[in-house]
4 protein chains.
Amino acid sequence: MGIHERKQREKEMRRKQIMEAAKKVFSAKGFNRATMEEIAGEAELSPGTIYLYFKNKEELHTSLSIDLLGYITSLMKKIINIKSIDAEEKMKKLKETFIDVYEYDSMVLINLFHLQSGETLQNLSEEVLERLKETSANAVSAITSIVKEGIDNGIFVEKHPVALADIIWATYSGVVLWVDSKRLLNNEKDFVRQTLETAFEIMLNGFKVKE
Amino acid sequence: MGIHERKQREKEMRRKQIMEAAKKVFSAKGFNRATMEEIAGEAELSPGTIYLYFKNKEELHTSLSIDLLGYITSLMKKIINIKSIDAEEKMKKLKETFIDVYEYDSMVLINLFHLQSGETLQNLSEEVLERLKETSANAVSAITSIVKEGIDNGIFVEKHPVALADIIWATYSGVVLWVDSKRLLNNEKDFVRQTLETAFEIMLNGFKVKE
Amino acid sequence: MGIHERKQREKEMRRKQIMEAAKKVFSAKGFNRATMEEIAGEAELSPGTIYLYFKNKEELHTSLSIDLLGYITSLMKKIINIKSIDAEEKMKKLKETFIDVYEYDSMVLINLFHLQSGETLQNLSEEVLERLKETSANAVSAITSIVKEGIDNGIFVEKHPVALADIIWATYSGVVLWVDSKRLLNNEKDFVRQTLETAFEIMLNGFKVKE
Amino acid sequence: MGIHERKQREKEMRRKQIMEAAKKVFSAKGFNRATMEEIAGEAELSPGTIYLYFKNKEELHTSLSIDLLGYITSLMKKIINIKSIDAEEKMKKLKETFIDVYEYDSMVLINLFHLQSGETLQNLSEEVLERLKETSANAVSAITSIVKEGIDNGIFVEKHPVALADIIWATYSGVVLWVDSKRLLNNEKDFVRQTLETAFEIMLNGFKVKE
DNA sequence: AATGAATGAGTTTTCATTCAT
DNA sequence: AATGAATGAAAACTCATTCAT
């Protein structure tokens, strides 16, 4: 391993370290009330250092989302590549993946869905926006390919695959946000898992061609 | 009309006037970048006056959402009370209402769905939080009653009515936010209408008991 | 009683009513955190009405002090006029009066002594300042006359009567403020009475010519 | 000198620089009319910087008082430690010290005595309040030790030493405030020095056991 | 590369006071 | 005389970001 590679790797580790700290603080305080100083403290670095790795607060925040989005997409790609099961089975696995991700990192997932806001998007740099678009498009296209397979095989109703993929994704984000807000408003238990289960069951049922 | 009633009415009009101005400014700038001074200017009032009618910026913002939520609920109640149609028809009308509301006031609707965030909820006064909870519960209970009718009549699958109502609402908010963010990210056209159409069609299909 | 006199009397009563309310609120909140609106509420009047009777907040506050100062002076004058006792006895009665006043209305008395601050004095109108000066001078002159009698009769040491009167007054205010602050700082019991007793005893002892 | 020590020293100097500026502005304008911006300007710093060193306006103000109080106490401790003189002589030196301090920094001294107000005390942080209590207790205890010596040696009357110390301190603050207010009210000359001289003479006379 | 002290623009909010009714 | 809605100036304070070291 050359000296350059080691430097590169160290740099990458420092980035992760900052993101890990940011995740904690954003989760605890929300975007507005989290301060760069606190994130720096959590990462055991100085505020100035964070700016060597991230252009600004907004982009640090968005980076967390992009990361998670990429991770979800990678999981979905694995599902797509399974040869032995059909689209309906893949949809079921998709549902399970969604639930796993929620349970693994609910706060960042919630942030990710909140990112879908004009106010936030307008403040991002061209570059990060580009990365976000790309990662987002990848996620949708992964879902799309599953849906397409279902339509091609005559299992799913004939709707445009992208439209169906959007609906899957929208339902995912909608359920996560909605049930979370019910939890906050009414001190209810966390019903995201059950609600996602039901939502995807209904959706899958709705997708299927009726004989 | 007594003097007291006139005063009361004037007061109510002033509130509306402020909310109208706030709606404009929040829509144009988003919550954070909107300033109370600008809202005051838009309402042709002084900043101090706003504070006679709303405790703070957060609550002014939330009031817009509560209002819209109450409006949606009132529309849903009308649908519920139609005697001549069954639950499936009512669901279709619900979808149409949702689309109408989106087209009538998309910005406030988007705000409403963004309200579902811990950061925002934590800053509200007990009183406004209570009003929000109540209005929100009313909305869900309206949907629930339609769903319940469908289940009772053997048209819809036997799932808990509240769960299904949550899914309807979550899908509504998810689609609105998701398609809006796609529009912002990719400069796409506004596909909310079509996507809602499809989403509700799929959902309705998924709700129905198969013979 | 003519109509004019009745009006006059009503006006005076309204003033008292406002001052009574102001006393409560200033005592509870301190000058800065007391608001005119709260005082108005306490007096069951509107804010505007207060301004018909007092030029501004500062003067309303000062009026309370002037009133109390005038009351103390009237008590002192009674003592002066007692023919049957000598200056030493009068000093003792003075001490008792001071203690009584403290116990009757400690908050206003504390305010009165805090009034001795450049910041406050600079904001008063010429007229109220004049009344304050006059009332204050009356108070000192009452004490002075007792001291003078003592010096003239050879009971008290030969110091200038005004200087001694100042010291009496300063000690009174100093003890009241100091012991009150100790009470606030250390949650001590209220030792003003005992401390005043001792202070005046020491002072009287110090005043007396030694044989 | 290590790098850490130099940093520490620089930090301390910056604090002093801010306090020096604050002293000027508070003296000229009084607490309420002084603005943080003006203090910052006077210190040739930005407003934000002040908040790196002092939590808020209130605490910056109180810090000035605590400093002076600590200084007075250190002077008193020196007096206590003089072996060659008795309590009566020490009391005389105490008086001189009090006068010196007044002449050295009358505005801060006046502020210090005004600090004795519930309104102010209630806004301080636990930490600063603690420091104030401690410094204040030290001051009283210094005086107490002188008084105690006098009582033990049979020179002073048998009163409780703390009570006598309170009276000394109360008289000091009372005279300073009272004479200052007379100066403001009546444009009189500054008679604090003379009045303090007389007050302490009287008090000392009063303290002494009569043969 | 890392630091962290300093910046200073920017905004909410308060409340004494006024004045049309 | 009384009201009380409206005013609007005024200021404390925060915190993302910079840059000299």
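The following paragraphs describe the fold of one chain, the interface of chains C and D, and the surroundings of DNA strands E and F in a predicted model.

Chain A is built from 10 helices and has zero strands, so that, by the definition of these elements as DSSP runs, its order from the N terminus onward reads α-α-α-α-α-α-α-α-α-α. Along the principal axes, the C-alpha atoms of chain A occupy a box of roughly 65 × 50 × 30 Å. Chain A makes no contact with chain C, the closest C-alpha atoms of the two lying 28 Å apart, and no contact joins chain A to chain D either, where the corresponding separation is 13 Å.

Chain C can be superposed on chain D with an RMSD of 0.1 Å by a rotation of 180°, accompanied by a shift of 0.1 Å along the axis. The two copies are thus related as by a two-fold rotation axis. In the interface between them, 48 residues of chain C are in contact with 47 residues of chain D, and the area buried between the two chains amounts to about 4,100 Å², with carbon and sulfur atoms giving 62% of it. Three residues, C:Trp178, C:Leu185 and C:Ile202, together supply 18% of the area that chain C buries against chain D, which is more than any other three residues contribute. Because 98% of the interface residues of chain C are also interface residues in chain D, the copies meet through the same surface.

Polar interactions also span this interface. Four salt bridges are found between chain C and chain D, including one in which the side chains of C:Lys159 and D:Glu201 meet at a distance of 2.6 Å from N to O. In addition, 10 residue pairs are in polar contact across the interface of chain C and chain D, with both partners at pLDDT 80 or more. On the side of chain C that touches chain D, the elements giving two or more residues are α1 (3-33), α7 (118-121), α8 (126-152), α9 (161-186) and α10 (192-207) of chain C. Among these elements, α9(C) gives the most, with 17 residues. Divided by class, this side of chain C holds 20 nonpolar, 18 polar and 10 charged residues.

Turning to the nucleic acid, DNA strand E has 28 residues around it, of which A:Arg14, A:Thr49, D:Arg14, D:Thr49 and D:Tyr53 come nearest. Of the atoms of DNA strand E that lie within 4 Å of the protein, 63% belong to sugar or phosphate, and the rest belong to bases. Phosphate oxygens of this strand are approached by both backbone and side-chain atoms: a polar backbone atom of A:Ser46 is 3.2 Å from one phosphate oxygen, a backbone N or O atom of B:Met36 likewise lies 3.2 Å from a phosphate oxygen, and an N or O atom in the side chain of C:Tyr51 is found at 2.9 Å from a phosphate oxygen. The elements that give two or more residues to the surface near DNA strand E are α3 (47-53) of chain A, α3 (47-53) of chain B and α3 (47-53) of chain D. The largest share of that surface, five residues, comes from α3(A), and the surface as a whole comprises 13 nonpolar, 11 polar and four charged residues.

Around DNA strand F there are 29 residues, of which B:Arg14, B:Thr49, B:Tyr53, C:Arg14 and C:Thr49 come nearest. Sugar and phosphate make up 64% of the atoms of DNA strand F that come within 4 Å of the protein. A polar side-chain atom of C:Thr49 lies 2.5 Å from a phosphate oxygen of DNA strand F, whereas an N or O atom in the side chain of A:Lys57 is 2.9 Å from a phosphate oxygen of this strand, and a polar backbone atom of C:Ser46 is 3.2 Å from one. Two or more residues of the surface near DNA strand F are given by each of α3 of chain A, α3 of chain B, α3 (47-53) of chain C and α3 of chain D. Of these elements, α3(C) gives the most, with five residues. By class, the residues near DNA strand F divide into 13 nonpolar, 12 polar and four charged.

Technical notes. Residues are numbered from 1 along each chain as its sequence is written. Chains are lettered from A and ligands numbered from 1 in the order in which they are written. This is a predicted model: local features need pLDDT of at least 70, side-chain atom pairs count only at pLDDT 80 or more; totals for chains, interfaces and linings use all residues. Side-chain values use heavy atoms; hydrogens and water are left out. Copies are superposed by least squares on the C-alpha atoms of residues with pLDDT of at least 70 in both. Contact means heavy atoms within 4.5 Å. Buried area is the accessible area (1.4 Å probe) that two parts lose on being put together, summed over both. A polar contact is a pair of N or O atoms within 3.5 Å; within protein, one must be able to donate a hydrogen and the other to accept it, and residues adjacent in sequence count only if both atoms are side-chain atoms. Ala, Val, Leu, Ile, Met, Phe, Trp, Tyr, Cys and Pro count as nonpolar, Asp, Glu, Lys and Arg as charged, and the others, Gly among them, as polar. A residue is near a molecule or strand if one of its heavy atoms lies within 4 Å of it.
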